[in-house]
Amino acid sequence: MTTRRNILKGAAAAGALGTFGAGYAGTVKKLAKGKWSGEAPDKRLTGFAPDPEFRIDPETGDVVLNPDQAMSYTMCIGCTTMCGVRVRVDKANNKVLRVAGNPYSPMSTDPFIAYETPVRDSFKALSQLGPDQGLANRSTACGRGNAVLQQVDNPRRVLKPLKRVGPRGSGKWETISFEQLVKEVVEGGDLFGEGKVAGLSEIRDLETPIVKGAPEFGPRANGLVLMNCVDDGRDNLVLRWLKQSFGSTNFTRHGSYCGGAYRSGSGALFGDFKKMPHAKPDFLNAEFIIFAGTAPGNAGNPFKRIGTLIAKARSDGNLKYVVVDPVLNNSQNGPSGDRSRWVPIRPGTDGAMAMAMIRWMFENDRINSDYLAQPSKAAAEAAGEANWTNATHLVIVDPDHPRLGHFLRGSDLGLEIAGDRYSDADPHMVASQSGAVPAGPSAAPLFFDGVAETSGGPVAVKTSLTLLREEAMAKTLEEYSADCGIPADTLVSLAREFTSHGRKAAVNSHGGMMNGSGFYNAYALMMLNTLIGNLNWKGGTMIAGGWFPDNNGPAYDLAKFPGAVKPKGLPIGRNVPYEKTSEFKAKKAAGKPYPADAPWYPNAPGLATEWISSMVNGYPYPVEALIFRNTNPVYGIPGISHLVEKMKDPKVIPLIISVDPFINESTAISDYVIPDSVMYETWGFTKPWGGVATKTTTARWPVIDPKMEKNAEGERIGLETFLIATAKRMGLPGFGDKAIPDADGNLHPLNRAEDWYLRGAANVATIGKPVPEASDDDLEVSGVSRIRADLEATLKPGEWRRAATIFAKGGRYENIEHSYKGDKATHAFGKPMLVYNEGLGTFRRATTGTCLPGTPAWREAEFADGSKVAEHYPKADWPVHVVSYKSPLQNSYSVGAKALLRIVASNPVQIGGELARAHGIKTGDRVRLTTPGGALESVAVVREGIAPDTVAIEHGFGHRAFGAEDIVIDDETWPADPRLAAGVLLNDLGIIDPTRAKPGVWVDPVSGTAVRQGLPARLERVA
Ligand code: SF4
């Protein structure tokens, strides 16, 4: 008979509880009244834990499965990290019991196991079987990931289609059938007794200009706009529906009110403002890292993986790191001694710190000249470099030259080129003893400030690095110090340490850049990496290793189909040059092309921040229908509350549809709600945000049966059923029986979600060397047998078992040994780093007609008209800065998980000791924070570890919907839960830009991203 002593539990339940208990011992004591406190002892070590999902016989190594539970590898979407996880499913009750990590996945395990490992053996890797197992491949979900699965069973989930009753935003709904919903939103009509509403079918007009006389804005079809949150692996289908089938160009995600400023600054360096590549430090091999405005393991992406690697590196490796942030959080680790350090900084001034460091590096010859001097790929390869830059390229600086700010090109000197002028075929020029010459296969001078002889005469030019040095020299160290609040000797010590490790040092950043100078701050911080030449080097920074994409592989082409539409016209978010518009041309003809009626952001991706302004102002064009897809800009954008009333007006936005499992603040102002799947009910394929050196595709599949109501065809209602049904009702191309081409050009159906995602899995499985076929045992032990019938029915005989492998192992993962070739990254970034960004250096602000620096620079926060924010809101009147920070446990959508609310229940405002004493504030006092944009009252917590004159508010609380207010559905009241209304929302303090003629929130002038870090404020104790 099996006894406890000779059976090793495979599940990490005991270990997980032990870890949890160590970190939250106090909380556990409070929680543990009852089941976990020992008051109700049970034979099980962990109180009331479910039976283990499998056991391993230590004698034979056999895995003995628990027949009542499935053990499935899939993906957590408790945050945007989207880790590969393993879940235990109670088969009888269709319920996920526990979540832990997927040992195949680099997002959850270090080192992750070889992909060839059979699924059954992957369980052994998690056990203590054998001397090297157990902790070696320990694979975890974070605290939030363990709790947020409760959202599946959240009683406030929307499970049936809803239609508003009464005014928009009144909180009154009626349930309707899916078929009625599809009919109404497609055909329109007098849907609410408020007059005719155009349906999607009418809006899909691909011929009539959306603005008469302004063809650059495209057709009326652009009047349908779709706001998404994050690509959770379902966006390819959404984009197919919106862009290629419906024909609208207007799609955006949430980045502009999340970490977009950092991404844009990085995009400037990497030369792509739309995709915004970014590199991460090689956490395990770096010797020194500066985290600016991000706290490793506390926030950022992928936050759980970073936390794990940092903990290892500071304990077992050689890593020292400094967190430069207005708020000290748990990223500084006491037991690590001087290996981790916190440096407080005045909010929004990271650019001053970075430019001070850059200045010191120039003055002390601590830049990597050998790397920076290589002007081309050929030169870099010849010099043994892993990348190159445009540091040596000459920029035209002659103020009267028509190409001011552009790079000097070969054609400017009259050289013959084999291609179009100023195309890639037209060489960049570098300085030489004999004048300007094409950038060639050898090093070039780093600094030049002089004249180049061109076919049009002499032209003043400088190298990119010269321009950067000039920007860095614009202020003294002491002036930079005064601006950022970091002592000058600390700035020097940071620069010295950063340049004392060769290439094994790095700077990392993220959400802290969401301030009024965010773009340039981020560009300057990332430039530090380039100045030491650390990209693509072990111990330096690395771009993501890439992935195995689902939408275009050897098996099926999900990206193209017969009859696909190419959307036309400028997007509503104005992230394109103003100079392309009829407005510019008309104003130019009238002699005054600037200012435009609102800001334009050609060096930015799609901007949700600006979409709302565009919609409520009808500028540059009006919208007719808005779809929110699992997103919440009404909660997430600072200052947006000033515009929400206009959004509620059906004359402004005639139709708003939400696809969401919950009624959040944005869903609440919708006309219709389509329920959607949650967490482990959904499909999708994702890649890591960064920091993983190997190719990684994480797969998500419904390991439990979704809860939503079924439609008349027997399919669960959700995003996919909505897209497919509306497309078919409108007769759009790309959906229906002949929609998906295979490699031979045969067309396959797209009538169900499975038609899409299973073919996606076939692509993931067959890219390059195909993955092995899943055995019957793989299917059984992973629970994929649950979808076996669909796999066999949908895919070809030679495909389905390979596709099944993708689900059985929770994705596809290149093995860890492919991370590096020698000291260089295997998947290196293959384009130059831009010390000077030509697009940035030549763009004119639409609101001022003026240009901005093309290199990193320290610039004080400005409003849209170029005036300094401090001029409008001087420090004497607004002496406090408000910033937000994130906890590792809560976010804006995890608060619905009650287990988390028991640990982090609210977000009292955090005030530094000195500031609190100055205002006579003690912990527990009620305080009022007022900014030019709003006011809030909250409870104070006085603590050390906050920069002077700064108040910090944790993000994620202060909801007004999402269960925080009563709603009525079919005359039945769903009462508010006060726990979900707890706390305050920093975004309520966000500011409307007072200089904009058409109302819009305060955003960074280049990236158009929201400002929530460093809001000017007043603090007072409420009597
Ligand atoms: S970090 Fe945590 S919450 Fe986020 S995806 Fe991973 S396990 Fe889930």
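The following exercises, each with a worked solution, concern a predicted model.

**Exercise 1. The surroundings of the ligand**

Determine which elements give two or more residues to the shell around the ligand, and how the shell divides by class.

Solution. Begin with the residues themselves: the ligand is surrounded by Cys-76, Gly-78, Cys-79, Thr-81, Met-82, Cys-83, Ala-141, Cys-142, Arg-144, Gly-145, Phe-303 and Lys-304. Next, consider the elements: helix 4 (143–147) and helix 9 (303–316) are those that give two or more residues to this shell. Finally, sort by class: seven residues of the shell are nonpolar, three are polar and two are charged.

**Exercise 2. The course of helix 10**

Describe the span of helix 10, state how many of its residues are buried, and identify the residue with positive phi that follows.

Solution. Helix 10 comprises residues 350–363, which makes 14 residues. From the first C-alpha to the last, the helix reaches 20 Å, close to the 20 Å expected at 1.5 Å a residue. As to covering, 13 of the 14 residues of helix 10 are buried. After the helix comes Asp-365, which has a positive phi, near 50°.

**Exercise 3. Strand 25 and its partners**

Establish which way the residues of strand 25 point, and with which strands it pairs.

Solution. First, recall the general pattern: in a regular strand, side chains alternate between the two faces of the sheet. In strand 25, Leu-655, Ile-657 and Val-659 point one way, whereas Ile-656 and Ser-658 point the other way. Residues on both sides are buried, and for strand 25 (residues 655–659) this amounts to five of five.

Second, examine the pairing. Strand 24 (residues 625–629) pairs with strand 25 in the parallel sense over five bridges, and Phe-628 stands opposite Ser-658. Strand 26 (residues 672–674) also pairs with strand 25 in the parallel sense, over three bridges; here Tyr-672 is the bridge partner of Ile-657.

**Exercise 4. The nonpolar cores**

Identify the residues that touch the most other members of the largest nonpolar core, and the helix that gives its largest share.

Solution. The largest core has 121 residues, and those touching the most other members are Trp-241, Tyr-680, Phe-722, Leu-791 and Phe-807. Helix 22 (residues 753–766) supplies the largest share of this core, eight residues. A second core, separate from it, has 110 residues, including Leu-465, Phe-519, Met-526 and Tyr-601.

**Exercise 5. The setting of Ala-92**

Decide whether Ala-92 is buried or exposed, and locate it.

Solution. Ala-92 lies in the loop between strand 5 (84–90) and strand 6 (95–101). Its relative accessible area is 75%. Exposed means over 50%, so Ala-92 is exposed.

How values were computed:
Residues are numbered from 1 along each chain as its sequence is written. This is a predicted model: local features need pLDDT of at least 70, side-chain atom pairs count only at pLDDT 80 or more; totals for chains, interfaces and linings use all residues. Side-chain values use heavy atoms; hydrogens and water are left out. A residue is near a molecule or strand if one of its heavy atoms lies within 4 Å of it. Helices (H or I, at least four residues) and strands (E, at least two) are DSSP runs, numbered from the N terminus. Ala, Val, Leu, Ile, Met, Phe, Trp, Tyr, Cys and Pro count as nonpolar, Asp, Glu, Lys and Arg as charged, and the others, Gly among them, as polar. The expected span of a helix is 1.5 Å times one less than its number of residues. Buried means under 20% relative accessible area, exposed over 50%, partly exposed in between (1.4 Å probe, protein chains only). Two strands pair if DSSP finds at least two bridges between them. A nonpolar core is a set of buried Ala, Val, Leu, Ile, Met, Phe, Trp, Tyr and Cys residues joined through side-chain atoms within 4.5 Å.
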